[in-house]
Amino acid sequence: MIVLFLTSYFFYNFVEKKFRNANIISNLKFYLILVPVLVIFLSTSLSIHLSDGFKKKFLIQDYNIDNDFHYYVWLKSTKEIPKFTDSKKKKTLIIGNSHGHDTYNSFNLNDNLFKNYEFSFYWIQVHEFKKFLTNSLPANFKPYTKYSLKKLKSLYDNADIIIISSSWDPKEDVLSLDELSKILNESNKKIILSTHTPKFPQKNYKYFRRLSVADEWILTNKRIPNGKNLSELKKLFYLNKIDKTELNNKITLVAKKYNFDLLNKEDILCNNDLNECEFLTPNNSKIQWDGSHYTIEGAKYFGKIIFNHNLFD
């Protein structure tokens, strides 16, 4: 507060008062100063916007350390929800929160692989989706996006496949899963349950946020790890992985009970025999930008692995 007061006092007495005095600076001189400053400011802002900000500043061998950059690219991908338009393709609706949107990206960004499928996504918590299907959502419920519940109803009614993929709440979501599964089991739709996304710790360092152990290593060594270093970091990721075993086991048991297919996200990124978890795509791009959400390149990579697992067969 003291700093703000002193700063305000300084600017008022030594800047604002002087600019108000027409004897010190005329209107013409003021505008001759203001216009070039605005032009420089707007030109710089436009240049930064058109060149994806300061992306190259944080590149190390094409590996972008800046997780805020990855976040804003990811955020752009969440803006629109496509309709089902192709009657010849199997319509697949993904239900969940931001982790569900990652799953949607994994399929949608690999549409060349999933040629017989059409994908859409609706952002809603699992326990809320159960309430939606039982018409028990509170009257004041507000969707998380601009898309109304009518949109959800249309997508659900037309879907052939439902994928439940979310950052599962261990209480509300899991407690509602059995009842939700009973409803879905009677829908004559193919149902796929997804386990929780592998989650890893991160920390802030200087002006970087959400750094993983790999980010720190690359930032320190100024290169991409390979050979022994790469294997050691994979094992470190596995060792530091936040344990979701109990939660995932509950989801797995429900999938078996109702004969639903299971998308085990942990098995895709982590190898329990080698005690390793992947954190780089084959072209050395970052897979996750905050310890649990996939970058665009990470989602593409994840989707290709899912394709090889023949999830829809």
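**Sheet, helix α3 and aromatic groups in the predicted model**

In the strand pair β3-β4, K90 stands opposite Y117 of β4; two strands count as paired if DSSP finds at least two bridges between them. This is a predicted model, in which local features need pLDDT of at least 70 and side-chain atom pairs count only at pLDDT 80 or more, while totals for chains, interfaces and linings use all residues. Residues are numbered from 1 along each chain as its sequence is written, and side-chain values use heavy atoms, with hydrogens and water left out.

A quick overview helps to place these details. The protein contains 12 helices and 11 strands, taken as DSSP runs (H or I of at least four residues for helices, E of at least two for strands) and numbered from the N terminus. Of its 313 residues, 43% count as buried; buried means under 20% relative accessible area, exposed over 50% and partly exposed in between, with a 1.4 Å probe and protein chains only. Contacts are heavy atoms within 4.5 Å, and among those between residues at least 6 apart in sequence, 75% join residues at least 24 apart.

We can now return to the sheet. Strand β3 (residues 90-96) runs parallel to β4 and is joined to it by 7 bridges. Besides the K90 position, I95 has Y122 of β4 as its bridge partner. Of the 7 residues of β3, 6 are buried. Both strands belong to an open sheet of 5 strands, ordered β4-β3-β5-β6-β9, with parallel pairing. Strands β4 and β9 (261-263) stand at the edges with a single partner strand each, so one side of each has no neighbour in the sheet. Direction ignored, neighbouring strands here are turned by 25 degrees against each other on average, with axes fitted as lines to C-alpha atoms, for helices over the stretch in contact, and angles running from 0 to 180 degrees between N-to-C directions.

Aromatic residues come next. The whole structure holds 22 aromatic pairs, defined for rings of Phe, Tyr and Trp (its six-membered ring) with centres within 6.5 Å; planes under 30 degrees apart are stacked, over 60 edge-to-face and the rest tilted. F121 and W123 form one edge-to-face pair, at 6.2 Å centre to centre and 65 degrees between the planes. F121 counts as buried because its relative accessibility is 3%. Y117 belongs to an aromatic cluster together with F107, F114, F119, F307 and F312.

Helix α3 (residues 67-76) has N67, F69, H70 and W74 buried. Seen down the helix axis, these buried residues fall within an arc of 155 degrees, so they line one face of α3; the arc is that of the directions from the axis to the C-beta atoms. Y72 and K76, on the other side, are exposed. The cover over the buried residues of α3 includes β2 (63-64), α4 (98-108), β4 (117-123), β8 (208-211), α8 (213-221) and α12 (296-308). At the start of α3, a side-chain oxygen of D66 comes to within 3.2 Å of the backbone nitrogen of D68.

Two backbone angles deserve a mention. Most residues other than glycine have a negative phi. D62, in the loop between β1 (59-60) and β2, has a positive phi near 70 degrees. The relative accessible area of D62 is 66%, so this residue is exposed. R210, in strand β8, also has a positive phi, near 60 degrees.

Key
A polar contact is a pair of N or O atoms within 3.5 Å; within protein, one must be able to donate a hydrogen and the other to accept it, and residues adjacent in sequence count only if both atoms are side-chain atoms.
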